[in-house]
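Hi,

Here is the structure I promised to pass on. Have a look at it first, and my notes follow below.

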Amino acid sequence: MGFPVLVVTSRITQPWVVRRRGGAIDGMRQRGRQRREADGEGQQGAERRPKPTLKVAAHGSKLIGWVPAMLPRQMNDWLVASGLSSLQYTSLARVDTHLLFVFVERWHPETSSFHMSFGEMTITLDDVSCLLHVPIMGELVDPDFVVTDYDAIHNAVELFGVSLSEASEEASSVRGPYYKLDWLKQVFEQQRAANNFTGAMRAYMMLLLGCTILADKTFTLVEAKYLPLFRDLDTCGRYCWGAAALVTYLVFSNEYE
């Protein structure tokens, strides 16, 4: 399974992590412990904070059920050319939460690396390529524009082929420039049945991104700002999806400490 799925679809409900006792502690770990001890001074009578818990919301089992057995040839050609076809099969139905928690404990945002007993290790673009088989060369996936609710509605009507009322209802239900993953699945199936292969393909690609490399902490939504990237299905393979996966991973990982 690709690493972004593990990290961006998991979260710690408290902004701190309980460390294991014993063993060598490097300088940064020791400074972190000292900061936490300093923050706790003078609070002996205060209520004990709740123990941190790890919540995992993997999309693997959901995605396995959503991936169609076969796509129309034209849609399959677009998907392969985009470089995203491998994302249909890079997720696991089950995630080992205990293993994940160990890695979360050892993650250091100061260096964006894991501090293991044998030294430091981090994740590179080469790892992304080996794990996810997505392109690591090309244009950066960096929508530098602000998408409003109106834009999300307008783009859904234009690029998915849904009605204005359907798009407006979706926008009001999510209260922001997002699309629900369940709704994208419905759009994909409806537009494919209507032989609107371009609209169906855009919905399917957004669904893949929202379940894998661009998943976020909502666990159910994907940002609407990525939809215009698929306006031209013949050229969306020019993007460096691997870099987008790595950046998303680092952004959410560094929020946990």
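Let me start with one cross-strand pair: Phe114 sits opposite Met121, a residue of E5. Keep in mind that this is a predicted model.

That pair belongs to the E4–E5 ladder, where the two strands run antiparallel and are held by 3 bridges. The link from E4 to E5 is a hairpin with 2 residues in it.

On its other partner, E4 (residues 113–116) is joined to E3 by 2 bridges, again antiparallel. Here Phe114 turns up once more, this time standing opposite Trp107. The hairpin of E3 and E4 has 4 residues between the strands, and one of the loop details to check is Ser112, which has a positive phi near 50 degrees.

Put together, this gives an open antiparallel sheet of 3 strands in the order E3-E4-E5. Strands E3 (107–108) and E5 (119–121) are the edges: each has a single partner strand, so one side of each has no neighbour in the sheet.

What about the two faces of E4, and which residues cover each side? In a regular strand, side chains alternate between the two faces of the sheet. For E4, Ser113 and His115 lie on one side, with Phe114 and Met116 on the other, and all four are buried, so to speak of E4 is to speak of a strand covered on both faces.

Now to the helices. The axes of H4 (residues 73–82) and H10 (residues 197–211) come within 10 Å and cross at roughly 40 degrees. With that angle the two helices, H4 and H10, are therefore oblique to each other. The crossing of H4 past H10 is right-handed. From H4, the contact is made by Gln74, Met75, Trp78, Leu79 and Ser82. From H10, Phe197, Thr198, Ala200, Met201, Tyr204, Met205 and Leu208 take part.

Finally, some numbers for the whole chain:

- There are 11 helices and 7 strands.
- Of the 257 residues, 44% are buried.
- Among contacts with a separation of 6 or more, 80% are between residues 24 or more positions apart.
- The exposed area is about 13800 Å², and carbon and sulfur atoms supply 53% of that.

If you open the model, I'd begin at Phe114, since you can then look across to Trp107 in one direction and to Met121 in the other.

Cheers

Key
Residues numbered from 1 in each chain as written. Predicted model: local features only at pLDDT ≥ 70, side-chain atom pairs only at ≥ 80, totals over all residues. Heavy atoms only, no water. Pairing = 2+ DSSP bridges. Buried < 20%, exposed > 50% of the residue type's maximum accessible area, 1.4 Å probe, protein only. Contact = heavy atoms within 4.5 Å. Areas by Shrake-Rupley, 256 points an atom, 1.4 Å probe, with all protein chains shown as cover. Axes fitted to C-alpha atoms, helices over the stretch in contact; angles between N-to-C directions. Parallel < 35°, antiparallel > 145°, perpendicular 65-115°, else oblique. Left-handed = near helix turned anticlockwise from the far one by under 90°.
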